Amino acid sequence: MNVTVNLFNKIFAADKWNIGFVYQTPEELISTKKLGTSINWLQEDNIDYAADPFVVTINDAPRVYYEELDFWKGKGEIMMIDGFDFKNKKKVQGIKPDAIHLSYPYLIEENGCLYCIPETSEAKEIALYQVDQENPSRLTKIKVLVSGKAFVDSSVIYYENKYWLFTSVSGDHDHLYIYHSKTLNGQYTGHYQNPIPVEKEFCRAAGSLFKVGKSLYRPTQNPINRYGGSIIINEIETLNEKEFKTAYKFEILPDKPYSKGLHNISFANNIIVIDGKRKVLSWIMPFKKIVRNFKKR
């Protein structure tokens, strides 16, 4: 019976990712060690994935950049919504090359400007883009920060008078890479310990680096039970050009109706934005999977 059920799920079931938000501050998250109880999930779009959300406040309202994946298209795209409604979504333009899989549109603000570092692992580079203030769905490439590997889920933060870039490499779940620069678009130097050995649940980033008081925190994906299973919040205890020390603080588990996964977290004014995964069944899923695998090549 189990073999039959597993075969049926393999053929007709797929992951469905969606975006949710909760009214909570980073300080409250750290003190309670859990998300607020009232998670507001967006009305689902008709695409397969809406994941990797990053939120920013514009004119006192939330704006979200996220990955959209439609199996018929095969590769992820970066989309943008104002507020929390997929009906006003816009495709983000300007990321090059545009024929590759795009995801994880990490956001950082500096001097009144908004910047984005999307995951472009197939291009084997980490690139900084500036968001057009007049047309926020348009990005302009500023500079390649690091190149040479299939970097995934790259995250940056200003801390102790430097910009610190955390990243990992596709397929390598045991090493973390850290780079540092005096300016956001400057010359990034690799950490003395690169590549830094880590356990797999402390490797791949799961959203925005954030500070509470004088403490620096780094969310990571926990893939022990399944891909995108949960988020671990780690406190970075030591960070300089030659030293790095981090400690596990707590785990954020997924909840119903998206109880199959949770792998990204982002913060804005009193809002925490996350993603969540559930299983869906469809008779056309086998065809969608075939098309996706073909177009991924």
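Guide: Welcome! Strands are DSSP runs of at least two residues, numbered from the N terminus. Please keep in mind that this model is predicted.

Visitor: How do you know which strand Asn-234 lies in?

Guide: Strand E18 covers residues 230-239, and Asn-234 lies in that run.

Visitor: Why does Asn-234 count as buried?

Guide: Buried means under 20% relative accessible area. Asn-234 has 3% relative accessibility, so it counts as buried.

Visitor: What makes the link between the side chains of Asn-234 and Thr-220 a polar contact?

Guide: A polar contact needs a pair of N or O atoms within 3.5 Å. The side chains of Asn-234 and Thr-220 are joined at 3.0 Å, and the side chain of Asn-234 also reaches the backbone oxygen of Ile-232, at 3.3 Å. Beyond its neighbours within four places in sequence, Asn-234 is in contact with several residues, including Phe-202, Tyr-217 and Tyr-248.

Visitor: Now for charged residues. Why can side chains of opposite charge pair?

Guide: They can do so when their charged atoms come close. In the whole structure, a search finds 15 salt bridges.

Visitor: How do you know that Lys-279 forms a salt bridge with Asp-15?

Guide: The cut-off is a Lys or Arg side-chain nitrogen within 4 Å of a carboxyl oxygen of Asp or Glu. For Lys-279 and Asp-15, the closest N and O atoms are 2.8 Å apart, and they form a salt bridge. This pair links distant parts of the chain, 264 residues apart: Lys-279 is in strand E21 and Asp-15 in strand E1.

Visitor: Why is Lys-279 called partly exposed?

Guide: Partly exposed lies between the 20% and 50% limits. Lys-279 has 48% relative accessibility, so it counts as partly exposed. Its partner Asp-15 has a relative accessible area of 16%, and is therefore buried.

Visitor: What makes Glu-125 and Lys-141 a salt bridge?

Guide: Again the limit is 4 Å, and here the closest N and O atoms are 2.7 Å apart. Glu-125 lies in strand E9 and Lys-141 in strand E10, so the pair ties together parts that are 16 residues apart in sequence. Glu-125 counts as buried because its relative accessibility is 12%, whereas Lys-141, at 35%, counts as partly exposed.

Visitor: Which residues do salt bridges that share partners join into one network?

Guide: Asp-15, Lys-277 and Lys-279 are joined in this way.

Visitor: And how far apart are the closest N and O atoms of Glu-77 and Lys-73?

Guide: They are 3.3 Å apart, and the two residues form a salt bridge. Glu-77 is at 14% relative accessibility, so it counts as buried, while Lys-73, with a relative accessible area of 45%, is partly exposed.

Notes:
Residues numbered from 1 in each chain as written. Predicted model: local features only at pLDDT ≥ 70, side-chain atom pairs only at ≥ 80, totals over all residues. Heavy atoms only, no water. Helix = DSSP H or I, 4+ residues; strand = E, 2+ residues; numbered from the N terminus. Buried < 20%, exposed > 50% of the residue type's maximum accessible area, 1.4 Å probe, protein only. Polar contact = N/O pair within 3.5 Å; in protein donor to acceptor, adjacent residues only side chain to side chain. Contact = heavy atoms within 4.5 Å.
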